[in-house]
Amino acid sequence: HSVKGVGAVDRVYDGSNLRVGIVHARWNDSVISALVKGAIVKLEAAGVKKENIVVETVPGSYELPYGTKTLIRQQAKNCTPLDVVLPIGVLIKGSTMHFEYIADAVSHGLMKLQFDIDLPVIFGLLTCLTEHQALQRAGLTEDGHNHGEDWGSAAVEMAIKHQN
Ligand SMILES: O=c1[nH]c(NC[C@H](O)[C@H](O)[C@H](O)CO)c([N+](=O)[O-])c(=O)[nH]1
């Protein structure tokens, strides 16, 4: 293993009174569903109740910032507000610069959003140069690791920081 280890060092948090939103794109769906499942496994392992995990979808990753904003607003209006949102998307490089523009716009959009609305927004966008890279990062290959799990753990930790 490299000296830097793999991912953030896990800590144990009690997520039993958290409400978590997940907004996922519908491109590259087999990778997306593995990432979403991985995140939910970790959320539930931290005690987040099934009824407190709200899942919405958007067409593609470019819609994640606005789809995240509308979910937060809708939840704040209709029921108990969310404590964190995890947008999930998978970008796979094609033969044009489209990938770079979406990746740049979405990463800046999600970073800005969390300060605009004062709510933690976890960065769940895979920016892959090949399909194999995407499969690896969703834990769908022998040597893979599901980054959705890391995002689920980060969501619990940041939601608790937001509540305190
Ligand atoms: O989520 C993705 N959206 C993609 N494009 C759609 C984009 O996110 C928007 O939905 C679309 O441009 C309409 O706004 C992708 N590619 O183009 O390759 C991709 O790989 N992943």
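**Close-up views of the ligand site and pockets**

**View 1. The shell around the ligand.** In this predicted model, the residues around the ligand, meaning those with a heavy atom within 4 Å of it, are Trp27, Asn28, Gly60, Ser61, Tyr62, Glu63, Val90, Leu91, Ile92, His98 and Ile102. Six of these shell residues are nonpolar, four polar and one charged. Strand 3 (84-92) and helix 3 (98-117) each supply at least two residues of the shell, and strand 3 gives the most, with three. Residues are numbered from 1 along each chain as its sequence is written, and side-chain values use heavy atoms, with hydrogens and water left out. Local features need pLDDT of at least 70 and side-chain atom pairs count only at pLDDT 80 or more, whereas totals for chains, interfaces and linings use all residues.

**View 2. Polar contacts of the ligand (pairs of N or O atoms within 3.5 Å).** A polar backbone atom of Tyr62 is 3.0 Å from a ligand oxygen atom, while a backbone N or O atom of Ile92 lies 3.2 Å from an oxygen atom of the ligand. From the side chain of His98, an N or O atom is 3.2 Å from a ligand oxygen atom. Taken alone, the ligand exposes 460 Å² (Shrake-Rupley method, 1.4 Å probe), and the protein buries 75% of that area.

**View 3. The pocket taken by the ligand.** The ligand takes the space of the second largest pocket, in that more than half of its atoms lie within 2 Å of the grid points. About 260 Å³ of space lies in this second largest pocket. Of the 15 residues that line it, Trp27, Leu91, Ile92, His98 and Ile102 are the closest to its centre.

Conventions
Polar contact = N/O pair within 3.5 Å; in protein donor to acceptor, adjacent residues only side chain to side chain. 1 Å grid on protein atoms, 1.4 Å probe; cavity = no way out; pocket = protein on both sides within 12 Å on 5 of 7 lines; lining within 4 Å. Helix = DSSP H or I, 4+ residues; strand = E, 2+ residues; numbered from the N terminus. Nonpolar A, V, L, I, M, F, W, Y, C, P; charged D, E, K, R; others polar. Points joined across faces, edges and corners; volume = space filled by probe spheres on them.
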